[in-house]
Amino acid sequence: MSKSDKKRKMSLAGLLIAIGIVYGDIGTSPLYVMKSIVVENGGIANVNREFIVGSISLVLWTITLLTTVKYVTIALKATNHGEGGIFSLYALVRKRAKWLVIPALVGGAALLADGTLTPAVTVTTAIEGLKNMKFGSAIPVSSQNMVIGITIAILLVLFSIQRMGTRIIGKSFGPIMLIWFTFLGVVGLVNMSSDWSILEAINPVCAIKILFSPANKVGILILGSVFLATTGAEALYSDVGHVGKANIIGSWPYVFICLALNYLGQGVWILQNPNFHTSGDFNPFFEVVPENLRIFAIIIATIAAIIASQALITGSFTLVAEASGLKFLPKMNIIYPSDEKGQIYIPSTNKMICVVTSAIVFLFRTSHHMEAAYGLAITVTMLMTTILLFEYLGKKQKPLALRILFLIAFAFIEGMFLISSMTKFMHGGYVTVLIAGFILGIMYIWFYGNKIRDKRESRNAYVRLDEYTGMLTNLSHDEDYPTYATNLVYMAKVKYNKFIKREILYSILDKRPKRAKAYWFVTVNVTNEPFTAEYAVNTYGTKNVINVQLFLGFKKQTSVNVYLRQIVQDLIADCTIEPQPQDYTTTPGRNVGDFSFVIVNDVISPQTQLTGFEKWMVEARVGLQNLSSNPASWFGLEYADTVVERVPLILGRPNP
């Protein structure tokens, strides 16, 4: 058990937070699953007992197999230092085969795309439930334009509170979702009490029969509606780092029972009201609720639907952070609102999802149009996760027969769902595919651009720093050159405490020799503990060349400027480096000089020799690097004297 898991053992508070964060998407499925199943079959007048029992059986066994067995029982064991999600799973199995990066990239892009659609669908659906509803003599929401306006306002509030952290959000949403699930279970149980024979739906034979029964007018395409009951399973896996696997495993049985009871209760109501007519939209979820509780049901359903967006948003933060660590995406500025590393907030990702989600609301305008795209992307992600889990089971040395059975069973089930969902492509699903394709394109360029760079990089791309200490020391004392800075600091990773990229020394020695009192090469290492603040120093026997390894906890601000000033004072105090007395200063006795920070960015050298495609990939990767967040902000150097230099990157064999 990892340290992060030990910190998040099962507790009442943890269970409540899990209910508030993880189950929003799955928990709101009773709002539309049975409605979609019945409407797609021609309406309530065209259903019979065989159809309803078989459909509910499909729903219950889909949740059982995909959510309970695959994700809660199997996938939650496949965590990487407490983190879950498809990228975390890939990190566990990537050494088994190079091609596994393909399902990881495809599945991750699809899940991130789904994360932009889910908030739009759930919130719009919820607000439309209030449309034309009377509160006394007033009708607060009377048009679709008002629905759109309220939806956008709610989404803006939802995205703005993400910086508070999932623990605070979970504590706020947890009690509401607990009430919601209890409400689902109680209402379902009350309706079941008039016809206990509905429990026949527990028999999986009913689920199989309805796929081929003439009572089912859409055949296998019914799975497109059934799948909506389990779309949040992948987000559940991605959110494990926010709440801990023990709290998900402990809270899921209660959630599942409440969901099952509600589906069964809706089934009983439909069978007992074959001649039901309404002037508005048909929705059995609200019809099973007693009239005097209808307003309460609509209000809490609206709140629950808003909360449903939370699981996808927090899951997206985890995915992006993991993608950045795996070099699928550029480095992101990550904020840790709590003392647990799994609790993260990524401002750039939050803004991106907010903008795309709002654009989807304005583009589609109604939930009916949005639902056409819903679920298509997530089926792709689930299928890719199955492939990676097959390899994970192999890593755990499970019997080959068991692994093959797992792969065939879940690939078949999810393949059937994917086929049934493909009918949504021309009715809005293409939007999700376009978003996923755009994200996949960025990840492909970044990942394979790095691969090409590493593969084609010249053998002499790295040099030994200790072989240049004499030259650097001589330069620091050479008065023929003007002083560039007292302390010249390069944010550059020093490998194995001695190897550094040649381009760093090129910047100091070749572009225009930069004379400094001391040359600093700083590597920042982020630790899994929240408040670590340690450093290690290697001067290679000099007083002018210093390699600093900073070890900072994930909660510590990466203010390299502040840490370095203290390190300089420490090293001067123990005579490791020479004092830096200042003649002109507002601080009497100051013995630390000025700092100039240099961050090196690559540009493709005309001397490089690459094929057309390889050159395009590397140039695109460098372009993405320059478009990503300001490197100075990664190191807390926004207000320091910082220079971003462009140096030539020579790949392959240089042209003569």
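Author: Helices (H or I, at least four residues) and strands (E, at least two) are DSSP runs, numbered from the N terminus. The model here is predicted.

Reader: OK, start wide: how many helices and strands does the secondary structure of the chain come to?

Author: The chain has 656 residues. Its secondary structure adds up to 26 helices and 8 strands.

Reader: What percentage of the residues of the chain count as buried?

Author: A residue is buried when its relative accessible area is under 20%. The chain's accessible surface is about 28200 Å², with 61% of that belonging to carbon and sulfur atoms. Of the 656 residues, the buried share is 57%.

Reader: And what share of the contacts with a separation of 6 or more comes from residues 24 or more positions apart?

Author: One pair with a long stretch of chain in between is A409 and L65, 344 residues apart, with C-alpha atoms separated by 9.7 Å. That is just a C-alpha distance, while a contact needs heavy atoms within 4.5 Å. Counting contacts with a separation of 6 or more, the share from residues 24 or more positions apart is 82%.

Reader: Is A409 buried, partly exposed or exposed?

Author: A409 sits in helix α20. Buried means under 20% relative accessible area and exposed means over 50%. At 31%, A409 is therefore partly exposed.

Reader: Now the loops. Where does C575 lie?

Author: C575 has a positive phi of about 65 degrees without being a glycine. Most residues other than glycine have a negative phi. C575 also counts as exposed, because its relative accessibility is 54%. Its place is the loop between α24 (560–573) and β7 (595–604).

Reader: Which other residue has a positive phi although it is not a glycine, at about 60 degrees?

Author: This residue is found in the loop between α19 (376–395) and α20 (400–421). Its relative accessibility is 72%, so it counts as exposed. The non-glycine residue with a phi of about 60 degrees is Q397.

Reader: Which residues does T542 touch, not counting those up to four places away in sequence?

Author: T542 is in the loop between β5 (533–538) and β6 (545–553). It is buried, because its relative accessible area is 14%. A polar atom of the T542 side chain also lies 3.0 Å from the backbone nitrogen of V545. Leaving out residues up to four places away, T542 touches T469, T473 and T576.

Reader: With which side chain does the side chain of S507 make a polar contact?

Author: S507 belongs to helix α23 (residues 502–511). It has 0% relative accessibility, so it counts as buried. At 2.7 Å, the polar contact of its side chain is with the side chain of Y490.

Reader: Any empty space inside? What is the volume of the largest cavity?

Author: The search gives 1 cavity of 30 Å³ or more. The volume of the largest cavity is about 40 Å³.

Reader: Which helix gives the largest share of the lining of the largest cavity?

Author: The lining is made up of T28, L31, Y32, V121, T122, T125 and A305. These divide into 4 nonpolar, 3 polar and no charged residues. The largest share of the lining is 3 residues, and they come from helix α7 (residues 101–128).

Key. Residues numbered from 1 in each chain as written. Predicted model: local features only at pLDDT ≥ 70, side-chain atom pairs only at ≥ 80, totals over all residues. Heavy atoms only, no water. 1 Å grid on protein atoms, 1.4 Å probe; cavity = no way out; pocket = protein on both sides within 12 Å on 5 of 7 lines; lining within 4 Å. Points joined across faces, edges and corners; volume = space filled by probe spheres on them. Nonpolar A, V, L, I, M, F, W, Y, C, P; charged D, E, K, R; others polar. Buried < 20%, exposed > 50% of the residue type's maximum accessible area, 1.4 Å probe, protein only. Polar contact = N/O pair within 3.5 Å; in protein donor to acceptor, adjacent residues only side chain to side chain. Areas by Shrake-Rupley, 256 points an atom, 1.4 Å probe, with all protein chains shown as cover.
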